[in-house]
Amino acid sequence: MNRTKAGLVLFTILILAVGGGAIMMNPHRTHSRGQVGRSSARVFEKVPDHKAYEFLFHRITFHRKRAATAGKPEAVDGALQREGHLSLDQMQSLEIIATNCLSEVEKQDAAAHIVIKAFREKYFPDGKIPVGGELPPPPPELEIMQQKRDAILQRGRSQVLEMLGGGKSAEFDSFVKERFAGKLPDAYANPMRQPNLMEH
């Protein structure tokens, strides 16, 4: 299965799992650099850049919400700022890019969820796969939606790198891929091990 189709399948799985909400995997979980190297080495080369940035952006927006709840809406994620070797201005710019990017992603996910809901109601009205049955192919329009979703995240990544500029952009890009690649579920790292679409 090629990477685009693998991403489409995972996109469908995650949307089904969360009911169209934000797609994220424990954004507040932290690792030491040594742990990151061990956990992500298996999938690092297979993870598209935009997926690593998606987890970065979720980490950032998670912190923003937590800071606002704590009555500190202006507080940046100090741990991430230190890990990424960012200045305060760079961190604040990164937060703006992440927030805007994920806002677009959420709109795209909401549109996809409508298509997926109709798909489930048509083929799996009771939420289960018939015994001996096979999964029908995903709705064809989801592939286009997936491509648009990927493009949104790619633009977000490009905006981050443009904002940082010069050698700093390459350094930060490597950091993001090393730091966040290991958070991707095995279904994406190994498309041949896909969970049942209707399990959720």
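This is a walk through the fold, its helix packing and some of its charged residues. Please keep in mind that the model is predicted.

Let's begin with the overall picture. The protein has eight helices and zero strands, so that reading along the sequence gives the pattern α-α-α-α-α-α-α-α. Of its 200 residues, 44% are buried. Sequence separation is also worth a look: among contacts between residues at least 6 apart in sequence, 80% join residues at least 24 apart.

A good place to step inside is helix α3, which covers residues 49-69. Helix α3 packs against α6 at an angle of about 75°, and the two axes are 9 Å apart. Because angles of 65 to 115 degrees count as roughly perpendicular, α3 and α6 are described as roughly perpendicular to each other. On the α3 side, the contact is made by D49, H50, K51, Y53, E54 and F57. Helix α6 contributes R149, D150, L153, Q154, G156, R157, V160 and L161.

Helix α3 also packs against α5, the helix of residues 88-123. Here the angle is about 105° and the axes are again 9 Å apart, which makes α3 roughly perpendicular to α5. From α3, the residues in this contact are L56, F57, H58, I60, T61 and R64. They meet L94, E95, I97, A98, T99, C101 and L102 of α5. You may like to find F57 in your viewer, since F57 takes part in the contact with α6 and in the contact with α5.

Now for the charged residues. A search of the whole structure finds 12 salt bridges. One of them pairs D49 with K177, at 3.7 Å from N to O. This pair links distant parts of the chain: D49 sits in helix α3 and K177 in helix α7 (residues 166-180), 128 residues apart. Both partners are partly exposed, D49 at 24% relative accessibility and K177 at 21%.

K177 has another partner in D173, with the closest N and O atoms 3.3 Å apart. D173 and K177 both belong to helix α7 and are four residues apart, about one turn of the helix. D173 is buried, with a relative accessible area of 9%. Through shared partners, salt bridges join D49, R157, D173 and K177 into one network. Two members of that network, D49 and R157, also appear in the contact between α3 and α6.

Another salt bridge connects R155 and E104, whose closest N and O atoms are 3.4 Å apart. R155 lies in helix α6 and E104 in helix α5, so this pair ties together parts that are 51 residues apart in sequence. R155 is partly exposed, with a relative accessible area of 40%, and E104 is partly exposed at 38%.

What, then, does a buried charged residue without a salt bridge have around it? Take D150. D150 is found in helix α6, residues 141-164. D150 is buried yet has no salt bridge, and the nearest side chain of opposite charge, R149, is 5.3 Å away. A salt bridge requires the nitrogen and the carboxyl oxygen to be within 4 Å, and so this distance does not qualify. The side chain of D150 does have a polar contact with that of Q146, at 2.7 Å. D150 is also one of the α6 residues that touch α3.

Our last stop is D77, in the loop between α3 and α4. Is D77 buried or exposed? D77 has a relative accessible area of 5%, and because buried means under 20%, D77 counts as buried. Leaving aside residues up to four places away in sequence, D77 touches R59, H63, M91 and E95. One of these, E95, is also among the α5 residues in contact with α3. The side chain of D77 reaches the backbone nitrogen of L80 at 3.1 Å. For a sense of scale, D77 and F62 are 15 residues apart in sequence and 9.7 Å apart in space, C-alpha to C-alpha.

Technical notes: Residues are numbered from 1 along each chain as its sequence is written. This is a predicted model: local features need pLDDT of at least 70, side-chain atom pairs count only at pLDDT 80 or more; totals for chains, interfaces and linings use all residues. Side-chain values use heavy atoms; hydrogens and water are left out. Buried means under 20% relative accessible area, exposed over 50%, partly exposed in between (1.4 Å probe, protein chains only). Lys and Arg count as positive and Asp and Glu as negative; His and the chain ends are not counted. A polar contact is a pair of N or O atoms within 3.5 Å; within protein, one must be able to donate a hydrogen and the other to accept it, and residues adjacent in sequence count only if both atoms are side-chain atoms. Axes are lines fitted to C-alpha atoms, for helices over the stretch in contact, and angles run from 0 to 180 degrees between N-to-C directions. Angles under 35 degrees count as roughly parallel, over 145 as roughly antiparallel, 65 to 115 as roughly perpendicular and the rest as oblique. Contact means heavy atoms within 4.5 Å.
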